[in-house]
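Here's a set of exercises to work through with the model open. Have a go at each task before you read its solution.

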Amino acid sequence: MSPGRRFLGLLLAAVLPLAVSWADSEELGGNFRLTDHNGRPFELDQLKGRLVLLFFGYTYCPDICPTELANLSAVLNALDDQAERVQGLFVTLDPGRDTPEVLQDYVRHFNRRLVGLTGSEEEVAQVARQYRVSYQRHERENGDYSIDHSVNLYLIDAQGALSAVVPYGLPPQHLLETVQGHLAGMADTDALSSTGR
Amino acid sequence: MYRLFLASLLFAVTSVSALSAAQLSDSAPGYGKLGYPLPEIGSYALPSLGRAADGEILDSSGVRRSLHEIFSDRYVLLAFIYSTCSDVNGCPLSSHVFYKVKSAMKRDAELADRLKMVSLSFDPENDTPEVMRLYSNNFRYAGKAGEWQFITTASQQQLRPILQSYNQVVQQEVDDKGNPVVGYSHVLRVFLIDPEKRIRNIYSVDFLHHELIINDLKTLLKQQAAQGRMIQAAARIDEPGQLSKPGDYKQGYEAESYTTRSLDLESRRGEAADLLGIANNPPLGLPPIPVPADNPLTREKIELGRRLFFDRRLSLNDTFSCAMCHVPEQGFTSNELAMAVGIEGRSVRRNSPSVYNSAYAALLFHDGREESLEQQVWGPLLARNEMANPSVGYVLQKIRGIADYDGSFEAAFDGRGVSMETLGMAIASYQRTLVSADSAFDRWYYGGDKQALSAAAQRGFDLFAGKAGCASCHRLGDDHALFTDNDLHNTGIGYRESMGIVPEKQPILVAPGVVLEVDRAVIEQVGEPPPTDVGRYEVTQNPNDRWKYKTPGLRNVALTAPYMHNGSLGTLREVVDFYDRGGVSNELLDPLIRPLGLSDAEKADLVAFLQSLTGGNVDTLVADAFAAPVGDVGEGDPSWVHGTEVEVR
């Protein structure tokens, strides 16, 4: 795809997010660049070697995001010494309001190990597009707005590849088991590659 | 089903739009503890709510498969989801509840073995097989027990008929100005489907709870285990036909989950009935029976005919009675054979017709070649591949030599002994008494009992007499119905059989769930070549009569599977599907047969109507047959060879 067409596609996606279906050729998941809650540039690839738990939302989100982040935090706490091998990420879908400062306050409230990510509208749209996240601003009469968005949690393996999608609604215990299963799998792979050398 | 649908609409229009703070505090019961006590397992009935439709789907590897293949003859929980869903009480609720069910399956081997969960996406554009694979990946470490499959479809074109047949209305959400916004609005419903692909419960958002689902499933499993036993009979006490089951009921044999349902010999207890009384005063819905002037019904003739009907000595090698193809508890036909099998396993080229209501038949045999029951008797007696007697005289001489019949013919026929005529008259007299009606339909239509017939069967009747045009041939009168026009028609079944290209390999079922693909050449080495069958033409020699067969009456049709002159259709649903397609096209196809354009629901209604035609007295007639003596070869009989000079090698 030429850069021009890509831009057009993005523009369309921003205007009519639902009228456009994800092109089949577009790969699911993958690396992306945003800004972390300390204002520093962030790249998914820098987390290679760790298991990444990726969630999309926004800080004004009334219910699902706090619930999911609380679950995520509970899972991170339950991992004990294994927690170093896992990174929780929260990507805002509302970069207009969610500046790095706002995000830092927000994610720290849940867990100090969580990292909040933001960027320009276009950058965020691109990540959402990669991970097939649908979202849309919903204007309220008082001039306020909310954002409807899909609520899956994405598991990204040590090589940076999307490995599983956890639908919202499953108990934290399931997420914990899944994460531990993935970590055990990663340990096996490590052991294999080290004996191979 | 419609009522249920409306109810769930009222309870649960779960629109997947703006999230509000109210939603969490207002979350569905499925997230919490069950707010009411569950009824005891097995204490309630879950009648079929209709057929769970099939469709073409893609599994998470992107392989094209049928939905029924995914169901794989297990109990199935089916939910419609889409991965970009954001309503707490929508798709996430079904995930939450399925997860709880999966956890229960891990603890309960029977559940794990019998149940499967399927989430089907209704958003094929976003939910590619890859997305579905990522979903199922998240259970990679959750143990094998409790299978949960995520599937999607190739496009809206494949999806639409599936949504339609499950009454799933899915609409793109729009804002005030009509612009599309994130999400779809759909009524969350989860379907519980049994291995026979019947919907047994539908859970709306207010009823979707894992404990209720498991209770329902345990109830179904318990009742399935009890099938054929008295517990089930008690649950459906009003239904006639309790005795009308093969001794070892083989339905579902092709499925791996098949378990035997042999009836206890005890439940075959016979009880003689007043057959003459029944014949002289036929049940509601039938006219008086026509009786030939020279063969009036008497108790003696009926009793003699009944003995002959169950006497195995009427065949060449003393093994085969009339009742072995016209099995009383199998609708006086044979449920387990498409085409009959005669003595020594000889193949017969057509399906055994039921003897029920043969008193009214103007034409006998599928090609209508005989005109009276008295004469018809001699067909099977002399057919080489049925009872195989070499001649009329052989049969008569043999019966004369059997002590059991000493004086019986003379007593019944005013001094006339065993003859070609009296033998036919005796057997015809018994057959004539097997009149069966007073079905749910008769009580509703002719009896004026508005409660007698289910709503589905009533709708089915409207189709039968109207849109589907069945009644053009399967006729009804003002005060009675025989459901036949006593004529012959070409539906294309015979044409297909004659012209059909035979596949190179044929699947052969060798044990429950075990099918071998056998080469045609191997089958031909050991099998008899399929006989030709051109139907009515064989009788009239008129080329226009090729592939015409008699219109059978439809009373007790639910008990007389398989169907058509060659038994090629196994279920009533298949028969309805066949006529809905307009039969099989051929140059002599009857003009009354045409595509009907029936919906899935309409087909289900038609089947419900056909099932309502089971006579109220079938158990009486079957119990009477169980009480009949079975004539078996014994010492002193004409062909008794044991202990004689004949050396048996």
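**Warm-up: a buried lysine**

B:Lys197 counts as buried because its relative accessibility is just 10% (buried means under 20% relative accessible area, exposed over 50%, partly exposed in between, with a 1.4 Å probe and protein chains only). Ground rules: this is a predicted model, where local features need pLDDT of at least 70, side-chain atom pairs count only at pLDDT 80 or more, and totals for chains, interfaces and linings use all residues. Residues are numbered from 1 along each chain as its sequence is written, chains are lettered from A and ligands numbered from 1 in the order in which they are written, and side-chain values use heavy atoms, with hydrogens and water left out.

**Exercise 1**

Find the place of B:Lys197 and work out which side chain it makes a polar contact with.

*Solution.*
- Start with the backbone: B:Lys197 is in the loop that runs from strand S8 (189-193) to strand S9 (199-204) of chain B. Helices (H or I, at least four residues) and strands (E, at least two) are DSSP runs, numbered from the N terminus.
- Next, list the contacts (heavy atoms within 4.5 Å). Skipping neighbours within four places in sequence, B:Lys197 touches B:Gly50, B:Arg51, B:Ala52, B:His68, B:Phe71 and B:Asp73.
- Now pick the polar one: the side chains of B:Lys197 and B:Asp73 make a polar contact at 3.0 Å. That term covers N or O pairs within 3.5 Å; within protein, one atom must be able to donate a hydrogen and the other to accept it, and residues adjacent in sequence count only if both atoms are side-chain atoms.

**Exercise 2**

Strands S8 and S9 of chain B belong to an open sheet; work out the strand order and which strands sit at the edges.

*Solution.*
- Trace the pairing (at least two DSSP bridges between two strands). Five strands of chain B line up as S5-S4-S3-S8-S9, with mixed pairing.
- Look for strands that pair on one side only: these edge strands are S5 (148-151) and S9 of chain B.
- Going from one strand to the next, the twist averages 20°. Axes are lines fitted to C-alpha atoms, for helices over the stretch in contact, and angles run from 0 to 180 degrees between N-to-C directions.
- Zoom in on one pair: S4 (residues 115-121) and S5 of chain B run parallel and are joined by four bridges. B:Ser119 has B:Phe150 as its bridge partner in S5(B).
- Finally, add the helix: H4 (residues 91-107) of chain B lies across S3 (75-81), S4, S5 and S8 of chain B, at about 160° to S4(B).

**Exercise 3**

Where do A:Arg132, B:Asn357 and B:Pro562 sit, and what's unusual about their backbones?

*Solution.*
- Recall the norm: most residues other than glycine have a negative phi, and most peptide bonds are trans.
- A:Arg132 has a positive phi of about 55°. It sits in the loop between helix H4 (121-130) and strand S6 (135-139) of chain A, and is buried, since its relative accessibility is 9%.
- B:Asn357 also has a positive phi, about 60°. Its loop connects helix H11 (299-309) with helix H12 (373-376) of chain B, and at 12% relative accessibility B:Asn357 counts as buried.
- For B:Pro562, check omega: the bond from B:Ala561 is cis, at about -5°. The place to look is the loop between strand S13 (549-550) and helix H22 (572-580) of chain B.

**Exercise 4**

How many aromatic pairs does the whole structure hold, and what kind of pair do A:Phe56 and A:Tyr154 form?

*Solution.*
- Apply the ring test: rings of Phe, Tyr and Trp (its six-membered ring) pair if their centres lie within 6.5 Å; planes under 30 degrees apart count as stacked, over 60 as edge-to-face and the rest as tilted.
- The search over all chains gives 40 pairs. A:Phe56 and A:Tyr154 are edge-to-face, at 5.8 Å centre to centre and 90° between the planes.
- A:Phe56 is in strand S3 (residues 51-57) and A:Tyr154 in strand S8 (residues 153-156) of chain A, so the pair ties together parts 98 residues apart in sequence. Both residues are buried.
- Compare B:Trp444 and B:Tyr445: with centres 6.1 Å apart and planes at 40°, the pair is tilted. B:Trp444 is buried at 19% relative accessibility, while B:Tyr445 is partly exposed at 38%.
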